[in-house]
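Please look at how the labels attached to this structure are earned. The exchange below takes them up in turn, setting values against cut-offs.

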Amino acid sequence: MRAKAMRNKFPEAGERPPRKIRQPLDGVLLLDKPVGFSSNDALMKAKRLMNAKKAGHTGTLDPFATGLLPLCFGEATKFSQDLLDADKTYETTVHLGVATDTGDTEGQIVQQTALPEALDALQIEAVLAQFRGDILQVPPMYSALKRDGKPLYEYARAGITLERAARAVTIFELQLIDWQAPFLKLRVKCSKGTYIRVLGEDIGKALGVGAHLQALRRVQVGHLLLDGAISMPDLEAMDENQRGSLLAAPDALLSTFPAVYLTQELATRFLHGQRLALGNTGLDLPGAEQLAQGAGRVRVYLQQELPRLLGTAHLSEFSVLAPERLIAYTQ
């Protein structure tokens, strides 16, 4: 028995050391994704550095792209869909006159066109105006969209081009930041599902010269800003306790939602999935002004000295609170 215990304490050569116990972290990490990492690569590395049990990201960035990648840990993953659906803002450099098969720097050059000497910012602005507002985009072949269970990029790598239906997206803002031929620097605020690579290619086609993205950097997701993000090298340089302190609470994803606060009795019923007719409680609850205003999605808290997030809900015009996603909560 003693010999066995000693072997467990001191593994023999070639034996694997005991697996490190992952921590049940809850919160949101704003990562400045480096170039060369897929979103999943960045997530897996951050998850390992944080020693976290459960993690997910909130929308992909291509490997050549950099910038804001919000990572959700533990209970925060329940609200990641809200960021997947959120508007995004990018800064991008479009290389005019050179088209690639992927629409970015990772592809092979398929077309080169000399730029007109007279091409100036006024002509570019006139073309940009065509792409503001609601537009249609054809998804690129080099994308993760699936056809018959296979991502489109697998067909593209095999030299197969498939028909793709155009999809409606919205360009809320398309600002010309700089024009130094052949490079066009833009700021784009867009709806979910927008491909900035396709936008750059379409702008090049409208100018008659073709184009691809030289660089792409995401600077905002919903209300979250790149200014608050940490780089991967800085994250690596920290010890584990310091890394944990970087996590914002799960409700950082929900700060644009109005807040409703419940008493302990109502919170218990809410966490059991019950719909609550708050207009009939007769209670003066914080958030009552939201109840008076009517319907919408809200974040719900237990009313106490330090309010605790319970989850999200839909508040009807009749002040009925219907639970949506709930935080695992122990009394």
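**Labels and the values behind them**

Q: What makes the pair Arg 187 and Glu 173 a salt bridge?
A: In this predicted model, the side chains of Arg 187 and Glu 173 come to 3.7 Å, N to O, and because a salt bridge asks for a side-chain nitrogen of Lys or Arg within 4 Å of a carboxyl oxygen of Asp or Glu, the pair qualifies. It links distant parts of the chain, with Arg 187 in strand 11 and Glu 173 in strand 10, 14 residues apart.

Q: Why are Arg 187 and Glu 173 called partly exposed?
A: The label covers the range between under 20% (buried) and over 50% (exposed); Arg 187 has a relative accessibility of 22% and Glu 173 has 28%, so both values fall in that range.

Q: Which residues are joined into one network by salt bridges that share partners?
A: The network consists of Asp 82, Arg 297, Glu 324 and Arg 325. Within it, the side chains of Arg 325 and Asp 82 meet at 3.3 Å, N to O, and this pair links strand 19 (residues 320-326) with helix 3 (residues 80-84), the two residues being 243 residues apart.

Q: Why is Asp 82 called buried, while Arg 325 is called partly exposed?
A: Buried means under 20% relative accessible area; Asp 82, at 14%, therefore counts as buried, whereas Arg 325, at 27%, counts as partly exposed.

Q: How do you know that Asp 85 forms a salt bridge with Lys 192, and which parts does the pair tie together?
A: The closest N and O atoms of Asp 85 and Lys 192 are 3.2 Å apart, which satisfies the condition of lying within 4 Å. Asp 85 lies in the loop between helix 3 and strand 4 and Lys 192 in the loop between strand 11 and helix 6, so the pair ties together parts that are 107 residues apart in sequence. Asp 85, at 37% relative accessibility, counts as partly exposed, and Lys 192 is partly exposed as well, with a relative accessible area of 47%. By this rule, the count comes to 11 salt bridges.

Q: Why is Lys 33 said to have no salt bridge?
A: The nearest side chain of opposite charge, Glu 106, is 8.1 Å away, and because a salt bridge needs the atoms within 4 Å, Lys 33 is left without one, although it is buried. Lys 33 lies in strand 1 (residues 27-33), and its side chain reaches the backbone oxygen of Ala 65 at 2.7 Å.

Q: Why is Met 232 called buried?
A: Met 232 has a relative accessible area of 2%, and because buried means under 20%, the label applies to this residue. Met 232 is found in helix 7 (residues 232-237), and its C-alpha atom is separated by 6.9 Å from that of Lys 33, although the two are 199 residues apart along the chain. Leaving aside neighbours within four places in sequence, the contacts of Met 232 include Leu 31, Asp 32 and Pro 34.

Q: What makes up the largest nonpolar core?
A: The largest nonpolar core has 29 residues, and those with the most contacts inside it are Leu 96, Leu 174, Leu 184, Leu 186 and Ile 203. The elements that each supply at least two residues include strand 4 (88-96), strand 11 (183-190) and helix 6 (196-207), while the largest share, five residues, comes from strand 10.

Note on methods: Residues numbered from 1 in each chain as written. Predicted model: local features only at pLDDT ≥ 70, side-chain atom pairs only at ≥ 80, totals over all residues. Heavy atoms only, no water. Helix = DSSP H or I, 4+ residues; strand = E, 2+ residues; numbered from the N terminus. Buried < 20%, exposed > 50% of the residue type's maximum accessible area, 1.4 Å probe, protein only. Lys, Arg positive; Asp, Glu negative; His and termini not counted. Polar contact = N/O pair within 3.5 Å; in protein donor to acceptor, adjacent residues only side chain to side chain. Core = buried A, V, L, I, M, F, W, Y, C linked by side-chain atoms within 4.5 Å. Contact = heavy atoms within 4.5 Å.
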